[in-house]
Amino acid sequence: MIEDIKSLRAKVEIDLPNVKTLDDLENFRLKYLIKKGELQSLLERMKDVPKEQKKDIGIELNQVKKFIEAEFENLKERLESDSDGSLDIDLTLPGRKNFSGSLHPIQQVMDQMVSIFVKLGFSVAVGPEIEDEYHNFDAANFAPEHPARDMQDTFFIKGNSNYLLRTHTTPMQVRVMQSQKPPIRTIMPGRVYRNEAISARSLAEFHQIEGLYIDKNVTFAQLKGTMMLFAKQMYGENSKFRFRPSYFPFTEPSAEMDITCFLCSGKGCRICKYQGWLEIAGCGMVHPNMLRNSGIDPEVYTGYAFGFGIERVAMLKTGIDDIRLLYENDVRILEQF
Ligand code: DAH
């Protein structure tokens, strides 16, 4: 019944703009408003509606009835007052609004990060999301029994466990070093996958931007300088950062970069796990094994690398405190950015 009421309203709405003369109006009346018309036939069906639905359906039907009658009266008044019985164009009507789409907040953040690094002289490279175990783990100096290689952490491709959905953008470092000669200064944005429990903070699918700089005599101070320069442009001059010593198989020494939590300004909350700080990037000096595995002589060249998570930054920028909202694609959220 509700469906029929809705479809009656839809029909009326289609017919209304075509009522341009008094004859059209009479046809409209004959179609909808007489005893044998479509409205009356719905009203008659009310007696068969189960008691508990009567109220809701009654309200709905009454609204449509009022709508049709009001539109009829309105048109009648206008057509009769018009000398030749036809409607002129009403130039005072407001125009129809055009809705235009926009880039997804994650894409906007990626574009912004990429453009800052491009200005710092980095080129951009992209590569496969289905990666082989060699590039994702072996070449990146992961030990054979490293837990990240476990099915519980990584999505392997069914039927061929040499292939997997890349768990990070770091394998792109290897691909770039295999295909370019130093000096190399490249960033590698892309989507990555991990077999994670979904929560307000993490998803099984997310984005990273990897960075790599290989040359003679590259230093940790240069890495820190670049990271700070980037972060100040991205988050503003007044944001606070810190570097913590860390461990990654593909860098030595390694560090993590934190920013003060946007939600609680450092007091401690759900998003920052009550730490006051959010980790935004891992970084370090490229491990000699990683260089060797990629065909670069670690006795001649050194380099730094970094990896930023995009979603965390998108959350910082948009103020969205549940990462799942970024993926549900509810227009009410998306149209705000
Ligand atoms: N691949 C690391 C991860 O997914 C992030 C990372 C850390 C990348 C340190 C780097 C790096 O290039 O130097 O957690």
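This is a tour of a predicted model, moving from the ligand to the strands around it and then to some salt bridges.

**The ligand and its shell**

Begin by selecting the ligand together with the 15 residues around it, of which His168, Thr170, Arg194, Gln208 and Glu210 come nearest. By residue type, this shell comprises five nonpolar, eight polar and two charged residues. Now display the side chain of His168, where a polar atom lies 2.9 Å from a nitrogen atom of the ligand, and then that of Glu210, which has an N or O atom 2.6 Å from a ligand oxygen. At Phe306 show the backbone instead, since the atom to look for there is a backbone N or O, 3.3 Å from an oxygen atom of the ligand. If you switch on a surface at this point, keep in mind that the protein covers 89% of the 350 Å² of accessible area that the ligand has on its own.

**The strands behind the shell**

Next select β5 (205-215), β8 (277-286) and β9 (302-309), each of which supplies at least two residues of the shell around the ligand. Strands β5 and β9 pair in the antiparallel sense over eight bridges, and β8 and β9 are likewise antiparallel, over five bridges. To see both pairings from one place, centre the view on Ala305 in β9, which stands opposite Leu212 and is also the bridge partner of Gly284.

**Salt bridges elsewhere**

With the ligand hidden, turn to the charged side chains, among which a search of the whole structure finds 16 salt bridges. Select Arg45 and Asp4, whose closest N and O atoms are 2.9 Å apart; this pair links helix α3 (residues 38-45) with helix α1 (residues 2-15), across 41 residues of the chain. Arg45 is partly exposed, at 35% relative accessible area, and Asp4 is partly exposed as well, at 32%.

Then move to Asp138 and Arg149, whose side chains meet in a salt bridge of 3.1 Å, N to O. Asp138 belongs to helix α6 (residues 133-138), while Arg149 sits in the loop between α6 and β3 (163-165). Here Asp138 is partly exposed at 35% relative accessibility, whereas Arg149 is buried at 12%.

Finish at Glu256 and Arg244, a salt bridge with its closest N and O atoms 3.6 Å apart. Glu256 lies in strand β7 (residues 251-260) and Arg244 in strand β6 (residues 241-248), so the pair ties together parts 12 residues apart in sequence. Glu256 counts as buried at 11% relative accessibility, and Arg244 is partly exposed at 26%. Add Arg242 and Asp258 to the selection, and you will have one network, joined with Arg244 and Glu256 by salt bridges that share partners.

Key
Residues are numbered from 1 along each chain as its sequence is written. This is a predicted model: local features need pLDDT of at least 70, side-chain atom pairs count only at pLDDT 80 or more; totals for chains, interfaces and linings use all residues. Side-chain values use heavy atoms; hydrogens and water are left out. A residue is near a molecule or strand if one of its heavy atoms lies within 4 Å of it. A polar contact is a pair of N or O atoms within 3.5 Å; within protein, one must be able to donate a hydrogen and the other to accept it, and residues adjacent in sequence count only if both atoms are side-chain atoms. Accessible areas come from the Shrake-Rupley method with a 1.4 Å probe; for residues, only the protein chains shown count as cover. Helices (H or I, at least four residues) and strands (E, at least two) are DSSP runs, numbered from the N terminus. Ala, Val, Leu, Ile, Met, Phe, Trp, Tyr, Cys and Pro count as nonpolar, Asp, Glu, Lys and Arg as charged, and the others, Gly among them, as polar. Two strands pair if DSSP finds at least two bridges between them. A salt bridge is a side-chain nitrogen of Lys or Arg within 4 Å of a carboxyl oxygen of Asp or Glu. Buried means under 20% relative accessible area, exposed over 50%, partly exposed in between (1.4 Å probe, protein chains only).
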